[in-house]
Structure formats: C-alpha cells, structure tokens
Amino acid sequence: MPGKVERIGNDQVLGDYILINHGGENYTLYAQVDGIKVAEGADLKAGEVIAYVGSGGEVPGYGIHFEVHENGRLVDPLTKIKREDQKW
C-alpha cells in the first residue's frame, strides 16, 4: 500500500525499524531491517523497496519482523497479504 514514512529508529528488541503510515490509524512496521533506503517523511508507492532483511535486535540470525495495525489495533498480517496463486 502507498504510505508515508512516519518514523525510522532503532530499538534494543526490534533492531532498526521503519514505521509507515497508510492513512488514519493504519500502519505497518518493518523491524530487524538493514540498509534502509527511505527517509522519514518520504511518500511511498506500493511495492517500493524500503530496506533489506537484517539481523539486528534480540532475534538471532537474519529475518524480518512485520506488523499491521488497522484502526489502532494489531491484526494478523497473513489476513492482509494476497499471493498471486491465491483466490482469497
């Protein structure tokens, strides 16, 4: 989804992170990232590269922490991601 970079930061648990505002109280959070390619306040298009998978924070090894917040509530991100081969 398009959005605006609300915050870029570092957290002891999450490592480097990017918080994107998609309008209203709808946000996505990408944490444990590396090589951040955007700046705070940047307007983003859907599909734009914002960072790469990293290894920071308390989780060992490489990975990404992804959250979806709708109307101020945390929701299961798997309910929001559609793969090309899925009909739902």
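This briefing describes the fold, surface, core and some individual residues of one protein. The model is predicted. The protein has eight strands and zero helices. Its radius of gyration is 13 Å, close to the 12 Å that the globule rule gives for 88 residues, so the protein is as compact as a globular protein of that length.

**Overall fold**

- Along the sequence the elements follow the pattern β-β-β-β-β-β-β-β.
- Taken along the principal axes, the box filled by the C-alpha atoms of the protein is roughly 35 × 30 × 25 Å.
- Among contacts in the protein with a separation of 6 or more, 40% are between residues 24 or more positions apart.

**Surface and charge**

- Buried residues make up 27% of the 88 residues of the protein.
- The protein has an accessible surface of about 6,100 Å², and carbon and sulfur atoms account for 51% of that surface.
- The protein carries 9 positive and 14 negative charges. The mean positions of these two sets of charges are 8 Å apart.

**Nonpolar core**

- The largest nonpolar core consists of eight residues. They are V5, I18, I20, V33, V38, L44, I50 and A51.
- One of these core residues is L44. Leaving aside neighbours within four places in sequence, L44 is in contact with P2, G3, V5, I20, V38 and I50.

**The start of the chain**

- M1 is found in the segment before strand 1, and P2 lies in that segment too, with strand 1 covering residues 3-11.
- M1 is exposed, because its relative accessible area is 65%, over the 50% cut-off.
- Although M1 and A46 are 45 residues apart in sequence, their C-alpha atoms are 4.5 Å apart in space.
- When neighbours within four places in sequence are left aside, M1 is in contact with H22 and A46.
- On the same basis, the contacts of P2 are H22, L44, K45 and A46. H22 and A46 thus appear in the contact lists of both M1 and P2.
- P2 and Y17 are 15 residues apart along the chain, and 18 Å separates their C-alpha atoms.

**Two loop residues with positive phi**

- Q32 lies in the loop between strand 3 (27-31) and strand 4 (33-34). Its phi is near 65°, a positive value in a residue other than glycine.
- Q32 has a relative accessibility of 5% and therefore counts as buried, the cut-off for buried being under 20%.
- N71 is found in the loop between strand 7 (65-70) and strand 8 (73-75). Phi of N71 is near 50°, which is also a positive value in a residue other than glycine.
- N71 has a relative accessibility of 61% and so counts as exposed.

**After the last strand**

- K80 is found in the segment after strand 8.
- With a relative accessible area of 44%, K80 is partly exposed.
- K80 touches V68, E70 and V75, not counting residues up to four places away in sequence.
- One of these contacts, V68, is 12 residues from K80 along the chain, and the C-alpha atoms of the pair are separated by 8.3 Å.

Technical notes: Residues numbered from 1 in each chain as written. Predicted model: local features only at pLDDT ≥ 70, side-chain atom pairs only at ≥ 80, totals over all residues. Heavy atoms only, no water. Helix = DSSP H or I, 4+ residues; strand = E, 2+ residues; numbered from the N terminus. Rg over C-alpha atoms; globule rule 2.2 N^0.38 Å. Buried < 20%, exposed > 50% of the residue type's maximum accessible area, 1.4 Å probe, protein only. Contact = heavy atoms within 4.5 Å. Areas by Shrake-Rupley, 256 points an atom, 1.4 Å probe, with all protein chains shown as cover. Lys, Arg positive; Asp, Glu negative; His and termini not counted. Charge placed at Lys NZ, Arg CZ, Asp CG, Glu CD. Core = buried A, V, L, I, M, F, W, Y, C linked by side-chain atoms within 4.5 Å.
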